[in-house]
Amino acid sequence: MNHFAKRARLRNVVGFVVASSLVVMSCGDSSKKSSDASVKDPRFLPRFIGEPADVNGLPDKDAPAHPFLATQGTLHVDGRQTGVSDIAGPFGRNPQVTSRFFGLIGFCSPLLWDASAFGNGSGQNGPDGNVYALCASVQGLDLVGQLSALDSDTMAKRATYDVVRVPVSSLGNFESLISFGAITLDNRGRAMLANEENNADLVGVSDGSFSVEETIQIGAQVPQGRQIESVVRDHDGNYWFVDFGGLDAEGTVTESALVGCFDASSGQGANRALDDEAIENNFAIAEDGLYVVTDRALYRFTCDAGATQVGEAWRRAYDRAPEKRADTLSFGSGSAPTVLGSDWVAITDVAQPQIHLLVYRRETGDEVCKLPLFESGASANENSVVGYDRSMIVQNWAGAQGPLGDFRDLQPPGLVRVDIREDESGCDVAWSNRDIRSTNTVRLSTGSGLIYVVAQDTSVPIVDAWYLTAIDFDSGETVNQTLIGAGFFYKQLFMPGAIGPDGSFYQGVLSGIVRVRDVETQADANLPGPDALPNVCDRASVIFEQCEDSGLDSATEVLSGPCAGEVECLSNCIVENEGAACFFLGAAPDIEMAQRLGACTAQCNP
């Protein structure tokens, strides 16, 4: 899926901050705590629920290594969009939670790792490698998407490279930020980015800065008036390029999608228009070609020797809803194609009143199963299916709000596992977990045998409490939950998490990144508590209350209204001091950084 919702209205930033009680609770003055502080103040929420997981690993995923992509180089981990990592994620053993604040609007997604992080490539940054992400940065009234190289331990930015600049108001629909989810990383740790000339810039980092290391001259293969939005390499070394096309508010195609392939060695390329169809999600690349789902059909495309022709191996239409539901983002399928095992590819349709999981044989496109999902009248999906061996994990989006909403209205069951029968006569539900409420992308770790997703504990009133939730792959039972934060700044905007090479789980949130990792002892996990933080939180509370009284109802107005000067000053001061006391409030803070923030209040409000 496109993990930045395309048409959702931005909620009231200020009102939600106050209501969520993230910044309005005191940071050091205990006299300000209300009688119901146990439900309003994130410091009183349980940090860990459940028990540490046993080691119950699974065999590594059955997928040949992609010779031209990083091990974890796409939105859904690999070129097949499986959502599966062979690294063991956190087991819940003395979990430590730390955060990095990048600004009031400072989200980062997807999180990718270059080859050197796994010891199997030619990265230039040592054994730890680089973490890459596209991070939002507010500059005036613009929202700038920056390719960022991050330190995997501190999450600090090592280098940045501007990729896209749009108005802050784009937070209201996210359509301008579709390229955030389409970034891929090659086997040399370079991001593949389409430029304005329709060529592919391969952007790498060296000596602390990004530069264009190579440009692939695709532009001559793109019809005039088109703008390619994503580039990926296939197993033969060809470059595939895609223009997603466009849809209007009624779901009518305003521009047909375009796919093409290019052989850089010969300079030859070809393209193919998908008449009256648009692409709303990511695509998958496997040994047998490019898998694309449009708003009406699933395709497998091939590129012949020398890239002289884009071939259509097969096309399979699926059920398309007559109109877009309020709880989905797409008119067509909400899932990117997932290539799983050696023989299958899966998507979900948008049939009403109940969607289906669709599984096809890769070679022929023959249907293996069409299985109704969830419950009639409460069934939707806007995420890629997680695919492992013969099993698929699917989330229920029925009742979902926009990217800045919470999960209280999501309908059960929230998560199901479906297995393909041995004789391929159909598919069956292996288990359902009715307790999971989340629209965030699910990750499966074969190393731990656990499924990870940041979900909301809806039993907590008033404040939005977000927990990294570990679910047993075999049984579907929730094993444990680790609090990553509470309140507005921890909203995840549908962004996927990622498992790093050291087993840490990283989750992008509205204002930065949160990291969860197992440590040796409980003493190692316990960072100093929020009571030691300075009063920058209290001053932030006053600022937001003033903004609310001014009737500001969007991020644009907050950044341009009467509170703009102090909000910007406070945000910049926090960033300059490499942390944010208020941002850390809902999780274990990095107190060493947070203690340096005391001067911000006086500086911004003399």
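**Sheets, cores and charged pairs**

I would like to begin with one facing pair of residues, in which Met 192 stands opposite Leu 202 of strand β10. Please keep in mind throughout that what we have on the screen is a predicted model.

The strand that faces β10 here is β9, residues 191-194, and these two strands pair in the antiparallel sense over four bridges. They belong to an open sheet of four strands with the order β8-β9-β10-β11, and the pairing in that sheet is antiparallel. At the edges we find β8 (184-185) and β11 (209-216), each of which pairs on one side only.

There is another open sheet of four strands that we can set beside it, with the order β22-β23-β24-β25 and, again, antiparallel pairing. Its edge strands, each pairing on one side only, are β22 (338-340) and β25 (367-372), and the twist from one strand to the next averages 20 degrees. If you follow β22 to strand β23, residues 344-348, you will see that the two run antiparallel and are joined by three bridges, with Val 339 standing opposite Val 345 in β23.

Let me now turn to the interior. As general background, nonpolar side chains in soluble globular proteins tend to be buried together. In this model the largest nonpolar core has 32 residues, and the members that touch the most other members are Ile 218, Tyr 239, Trp 240, Val 259, Leu 290 and Phe 301. Several strands each supply at least two residues of this core, among them β10 (200-206), β13 (239-243), β16 (257-263) and β20 (297-303).

Which residues does Tyr 239 touch, not counting residues up to four places away in sequence? Its partners include Met 192 and Leu 202, the facing pair with which I began, together with Ile 216, Ile 218, Val 231 and Phe 262, and also Arg 233 and Gly 260. A second, separate core has 26 residues, including Phe 91, Ala 380, Ala 400 and Phe 505.

Next, I would like to look at three single residues. Gly 92 is found in the loop between β2 (84-85) and β3 (95-101), and it counts as buried because its relative accessibility is 5%, where the cut-off for buried is under 20%. Although Gly 92 and Pro 52 are 40 residues apart along the chain, their C-alpha atoms are separated by 4.5 Å. If we leave aside its neighbours within four places in sequence, Gly 92 is in contact with Phe 48, Pro 52, Asn 480 and Asp 518.

Thr 478, by contrast, is partly exposed, with a relative accessible area of 33%, and it is found in strand β33, residues 478-486. Leaving aside its neighbours within four places in sequence, Thr 478 is in contact with Asn 433, Ile 436, Thr 469, Ala 470 and Ile 471.

The third residue is Arg 437, in the loop between β29 (427-433) and β30 (443-445). Arg 437 is buried yet has no salt bridge, and the nearest side chain of opposite charge, that of Asp 435, is 5.8 Å away. Not counting residues up to four places away in sequence, Arg 437 touches Phe 407, Arg 408, Leu 410, Pro 412, Ala 455, Gln 456 and Thr 458.

That brings us to the charged pairs. How many salt bridges does a search of the whole structure find? The search finds 22.

In one of them, the side chains of Arg 515 and Asp 153 meet at 2.7 Å, N to O. Arg 515 lies in strand β36 (residues 512-518) and Asp 153 in the loop between β6 (142-150) and β7 (157-167), so this pair ties together parts that are 362 residues apart in sequence. Arg 515 counts as buried, at 4% relative accessibility, whereas Asp 153 is partly exposed, with a relative accessible area of 45%.

Another salt bridge takes us back to our opening sheet, for Glu 214 and Arg 190 meet through their side chains at 3.2 Å, N to O. Since Glu 214 lies in strand β11 and Arg 190 in the loop between β8 and β9, the pair ties together parts that are 24 residues apart in sequence. Here Glu 214 is partly exposed, with a relative accessible area of 34%, and Arg 190 is buried, with a relative accessible area of 4%.

Finally, the side chains of Arg 226 and Asp 243 meet in a salt bridge at 3.0 Å, N to O, and both of these residues are buried. There is also a network, in which salt bridges that share partners join Arg 80, Glu 287, Asp 288 and Arg 362.

Definitions and conventions. Residues are numbered from 1 along each chain as its sequence is written. This is a predicted model: local features need pLDDT of at least 70, side-chain atom pairs count only at pLDDT 80 or more; totals for chains, interfaces and linings use all residues. Side-chain values use heavy atoms; hydrogens and water are left out. A nonpolar core is a set of buried Ala, Val, Leu, Ile, Met, Phe, Trp, Tyr and Cys residues joined through side-chain atoms within 4.5 Å. Buried means under 20% relative accessible area, exposed over 50%, partly exposed in between (1.4 Å probe, protein chains only). Contact means heavy atoms within 4.5 Å. Lys and Arg count as positive and Asp and Glu as negative; His and the chain ends are not counted. A salt bridge is a side-chain nitrogen of Lys or Arg within 4 Å of a carboxyl oxygen of Asp or Glu. Two strands pair if DSSP finds at least two bridges between them. Axes are lines fitted to C-alpha atoms, for helices over the stretch in contact, and angles run from 0 to 180 degrees between N-to-C directions.
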